Amino acid sequence: MSKLILSLDGGGIRGAATAQFLMRVDATLRNDHQTSLRERVDFYAGTSTGSLIALALATTKMSLEDISGLYSATSAKQIFADNRGWFELDGINAPKYEAKGRSTMLKKHLGQAKLRDVPAGKHVLVVTYGIERRRPHVLKSSKREHHKLLAWQVADASSAAPTYFPTRDMKLGPDNEQTWLIDGGVIANNPTMCAIAEACRLWPHELRRVLSIGTGTRTRKINGPDSQHWGAVQWVLEGSLIDVLSDEKVVGYQAITISPPGSYIRVNAEMRPQPGMLKAPDDAMDDISTTNIRHLKAMGDFWFEQYGDAVVALITDRYQGPSLDRIDPLTGRPQAYQPH
């Protein structure tokens, strides 16, 4: 049997859609196929909010129901706790949110789990970025010096989005060097290519199946003519610079192109009304309103209705269709990949 990669994008609270989708998939696997997502996945990869889900699946025994429950209004308010310092303009001269609430929640649910706690024969990979040496850090269970790293600290670093949360430090390398880290989304919000590269190294002679899950694609327009006159502040406020830098489409193109036909499914959709999803969620990574979280989970249900059968077949190694890409907003159906 080929190796199965599960890759999970970043996107803040929009991870609610990912968790909801995976919960539906896991329930179907258990009810109809007497197996589970954990039993079938060989390699987990995650960035930012995707790292939380990936690490919870790989290093703990949390159920998909409990993981999905992390994306509730109550938990979100703890994670996105306003930074209330004096003379601080949120996201401009100080992080928009404080770090304590997020760190406390991650530590509570991931506990003392370490990267070495992945079951035998399986692996997990998380992407973050070291700012002082300007280099990516791919923290992974396949590297012995990373075995001791606590899962909650890894997820904390991978989700430290610039302007939203403070930078996080970890002791990395053989010398336990203090390393300052930010959200891996600035370099690989979609970690699928990192996962494929690592799987090729670990299992060079094995075939691969890839299930790559996004957190919704932003569609709000950036004003082109106005952008000619923007400086740093305007690009942050008006141009959503962090979202531009963390766009996942190039990695999606690379991954579907190099994957053999029928071995790759990309679950994602534009965050706008379309057939099957008449009420789209807000595309902000920090809209934690009860209504928006409900819409995000409804998007996860929409994904399951459109991709569920194909994804379950891919996971159980029975899929015989084409590789699938994001949903076409005109039809509300996944696009079949046609190599050119």
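1. A word on terms before we get going: helices and strands here are DSSP runs, a helix having at least four residues and a strand at least two, and they are numbered from the N terminus. With that in hand, α3, α5 (73-79) and α6 (100-110) each supply at least two residues of the lining of the largest cavity. Do keep in mind that what you have in front of you is a predicted model.

2. Now the overall picture. The chain has 14 helices and ten strands. It runs to 340 residues, and 56% of them count as buried. If you take the contacts between residues at least 6 apart in sequence, 73% join residues at least 24 apart.

3. Back to that cavity. How many cavities of 30 Å³ or more does a search of the whole structure find? The search turns up one. There is about 220 Å³ of space in the largest cavity. It is lined by 18 residues, and G12, T49, I79, R102 and S159 are the closest to its centre. Sorted by class, the lining has twelve nonpolar, five polar and one charged residues.

4. Helix α3 is worth a look of its own. It covers residues 49-59 and is mostly covered, with eleven of its eleven residues buried. Among them are T49, G50 and S51 at one end of the list and A58 and T59 at the other. Remember that α3 also supplies at least two residues of the lining of the largest cavity.

5. Next, try finding A155, which sits in helix α7 (residues 151-158). Is A155 buried or exposed? Its relative accessibility is 1%, and buried means under 20%, so A155 counts as buried. Leaving aside neighbours within four places in sequence, A155 is in contact with S51, L52, L55, L106 and L110. Of these partners, S51, L52 and L55 are among the buried residues of α3. A155 and G46 are 109 residues apart in sequence, yet their C-alpha atoms are 9.0 Å apart in space.

6. On to the aromatic rings. The structure holds six aromatic pairs. In one of them, the ring centres of Y97 and F165 are 5.7 Å apart and the planes are at 35 degrees, so this pair is tilted. The pair links distant parts of the chain, 68 residues apart: Y97 is in the loop between α5 and α6, while F165 is in the loop between α7 and β5 (168-172). Y97 is buried, with a relative accessible area of 5%, and F165 is buried with a relative accessible area of 5% too. Elsewhere in the list of rings, F21, W303 and F304 are linked into a cluster by ring pairs.

7. F165 has another partner to check. Which residue has its charged end over the ring of F165? That is R102, sitting 4.3 Å from the ring centre. You have met R102 already, as one of the residues closest to the centre of the largest cavity.

8. Last, a pocket. The second largest pocket holds about 310 Å³ of space. Of its 21 lining residues, R135, H137, L172, G173 and T179 are the closest to its centre. Strands β4 (135-140) and β6 (177-183) each supply at least two residues of this lining, and β4 gives the largest share, five residues. By class, the lining divides into seven nonpolar, seven polar and seven charged residues.

How values were computed
Residues are numbered from 1 along each chain as its sequence is written. This is a predicted model: local features need pLDDT of at least 70, side-chain atom pairs count only at pLDDT 80 or more; totals for chains, interfaces and linings use all residues. Side-chain values use heavy atoms; hydrogens and water are left out. On a 1 Å grid over the protein atoms alone, a cavity is a set of points where a 1.4 Å probe fits but cannot get out, and a pocket is an open set with protein on both sides within 12 Å along at least five of seven lines; lining residues have an atom within 4 Å of a point. Grid points are joined across faces, edges and corners, and a volume is the space filled by probe spheres set on the points. Ala, Val, Leu, Ile, Met, Phe, Trp, Tyr, Cys and Pro count as nonpolar, Asp, Glu, Lys and Arg as charged, and the others, Gly among them, as polar. Buried means under 20% relative accessible area, exposed over 50%, partly exposed in between (1.4 Å probe, protein chains only). Contact means heavy atoms within 4.5 Å. Rings of Phe, Tyr and Trp (its six-membered ring) pair if their centres lie within 6.5 Å; planes under 30 degrees apart count as stacked, over 60 as edge-to-face and the rest as tilted. A charge sits over a ring if NZ of Lys or CZ of Arg is within 6 Å of the ring centre and within 35 degrees of the ring normal.
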